[in-house]
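Reader: I'm new to looking at structures, and I'd like to slow down on one spot. Could you pick a single residue, take me through it closely, and then show me how to look at other places in the chain?

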Amino acid sequence: MPRPLPDPADAATEADLTPTRATVNLAHLRHNARVLHTLSEGAPLLGVVKADAYGHGAVPVARALAEVGVQHFAVATVPEALRLRRAGIRGRILVFGAPLPAFLPAYVTHELDVTVPSAEIAAAVETLARTHGPVRVHVKIDTGMGRIGLAPGEAPAVIRRLLQTPGITVAGVWTHFASAGDPDGTFTREQLALFEGVVRSLDGLDAALLHTASSSALFHVPESVHRFDRPLVRTGLALYGLNSRTELSREVGLRPVMRLTSRVTHLKTVEPGTTISYGRTWRAERRSRIATVGAGYADGYIRRLSNRAEVGLHGQRFPVAGTVCMDMFMVDLGAPEGPGGEVRVGDEVVLFGTGGPSAVEVARWADTIAYEVVCGVSARVPRLYLDAAEPSDTPA
Ligand SMILES: *Cc1c(COP(=O)(O)O)cnc(C)c1O
């Protein structure tokens, strides 16, 4: 009798049969939420769980955040919001993206908050409130990001009209900073001043949340939170324990939530002059132990890491040798008589997280940002959820 096939939807089963996995520590996530809540001096957090919670898994992340009192969530698209609703997430869900008019009825059906980025969408929302029922909106003002939103000059008239329309609740007015990560904060303060100019010119916003800050703004321009009576901090990256300025994460005690590991699937010793991988970009200068690792760019281990990144193995760092392939890459373990000679097939290789480089370091090697590194961990990689702090964990 053949044994039954494992359920392919079961991440734990998949993880038993594939070398690569992303371990997501929900205790660290909740810890980070508490840290950020303290930093924000009690201002409520909006948990940004777009893009499957930056690759961490939107449903388990939203549930864990709800356990520590987070009641506001945001996603990029309506289908992302529907996945949360289907999983029983009941908090407010703001969809950040500019809606196309055809999407609007779904917001009412599923009780989602609409981003109003233009006078045209404001008008469409007025019609929606008449035809479909009550609508909650967050009006977006473009103060310098140049992406979506009403110009500061046109915003007051549009907001006044929405405030007077039956069936519409102006639940929020918001803006987004273009360079919140800039420690100097000059442009962020200019954007904040433009935003305040608009909201201070309006009556009737007493019940609306006024929100401007993302993770970085909370660190660098805290008045973007504290200036308002009813603020909200839209925090993503910091919840996941990352910040482009590593020192800052360490200072406030953020703990990285995701750890990406794979395993050694093959080992060999090569003679001097041997080349490794596509394009032959790496050549052995001496007899070298070479490990093949069972992950590649199709798992999100960016090809740009070829000959640049390091991985953690047995608590030490070893360099990537040659081009990263779709499903594998190679690591130079050094001389066979050295510490790398102890490595065995099946040993864990840390691509980022405890025991290896941080996602921020990986991002630097790949000429990108930590956001892209964690979002890029592909659907092929099983996510395993831990719910206990790892005492050995160091900040990102
Ligand atoms: C993604 C996003 C955020 C979260 O930014 P982090 O830097 O991850 O905290 C906040 N606001 C908007 C509009 C976003 O698109």
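**A loop residue, and what lies beyond it**

Author: Let's start with E111, which is exposed, with a relative accessible area of 53%. It gets that label because 53% falls on the exposed side of the cut-off, which is over 50%. Keep in mind that what you're looking at is a predicted model.

So where is E111? You'll find it in the loop between α6 (104–109) and β5 (114–116). Now check its backbone: phi is positive, about 55 degrees, although E111 is not a glycine. Why bother pointing that out? Because most residues other than glycine have a negative phi.

A53 makes a nice partner for E111. A53 also isn't a glycine, and it has a positive phi of about 55 degrees. The settings are another matter: E111 sits in a loop, while A53 is found in helix α3. And A53 counts as buried, at 0% relative accessibility, whereas E111 is exposed.

Stay in helix α3 for a moment, as it also holds Y54. Y54 is buried too, with a relative accessible area of 6%. Its ring forms an aromatic pair with the ring of Y371. A pair like this is described by the distance of the centres and the angle of the planes. Here the centres are 6.0 Å apart and the planes make an angle of 35 degrees, so the pair counts as tilted, a label used for angles that are neither under 30 nor over 60 degrees.

Now trace the chain from one ring to the other. Helix α3 covers residues 50–54, Y371 belongs to helix α14 (residues 370–375), and the two tyrosines are 317 residues apart, so the pair links distant parts of the chain. Y371 is partly exposed, at 34% relative accessibility, while Y54 is buried. Add Y240 and you get one aromatic cluster of Y54, Y240 and Y371. Across the whole structure, a search finds 5 aromatic pairs. Another ring worth a click is W174: the charged end of K140 sits over it, 4.3 Å from the ring centre.

Next, try the two ends of the chain. A12 is in helix α1 (residues 11–16) and is partly exposed, at 41% relative accessibility. A12 and Y385 are 373 residues apart in sequence, yet their C-alpha atoms are 9.3 Å apart. L384 tells a matching story. It lies in strand β18 (residues 383–386) and counts as partly exposed, at 22%. Leaving aside neighbours within four places in sequence, L384 touches A11, A12, A15, R21, A22, T23 and V24. For contrast, L384 and L305 are 79 residues apart in sequence and 24 Å apart in space, C-alpha to C-alpha.

R21 is also a link to T261, since R21 is among the contacts of T261. T261 is in strand β10 (residues 258–270) and is buried, with a relative accessible area of 2%. Setting aside neighbours within four places, T261 is in contact with P19, T20, R21, E348, V349, V350 and L351.

S216 is worth setting beside T261. S216 sits in helix α10 (residues 215–220) and counts as buried, at 12%. With neighbours within four places left out, S216 has contacts with A180, G181 and V221. S216 and V270 are 54 residues apart along the chain, and 46 Å separates their C-alpha atoms.

Finally, zoom out. The protein has 14 helices and 18 strands, and its C-alpha atoms fill a box of roughly 75 × 60 × 40 Å, taken along the principal axes. Of the 396 residues, 54% are buried, a group that includes A53. Those long-distance links fit a broader count: among contacts with a separation of 6 or more, residues 24 or more positions apart account for 66%. The protein exposes about 17,400 Å², with carbon and sulfur atoms supplying 53% of it. As for charge, there are 41 positive and 40 negative side chains, and the centres of the two sets lie 3 Å apart.

Note on methods. Residues numbered from 1 in each chain as written. Predicted model: local features only at pLDDT ≥ 70, side-chain atom pairs only at ≥ 80, totals over all residues. Heavy atoms only, no water. Helix = DSSP H or I, 4+ residues; strand = E, 2+ residues; numbered from the N terminus. Buried < 20%, exposed > 50% of the residue type's maximum accessible area, 1.4 Å probe, protein only. Contact = heavy atoms within 4.5 Å. Areas by Shrake-Rupley, 256 points an atom, 1.4 Å probe, with all protein chains shown as cover. Lys, Arg positive; Asp, Glu negative; His and termini not counted. Charge placed at Lys NZ, Arg CZ, Asp CG, Glu CD. Phe/Tyr/Trp six-rings, centres within 6.5 Å; stacked < 30°, edge-to-face > 60°. Lys NZ or Arg CZ within 6 Å of the ring centre and 35° of its normal.
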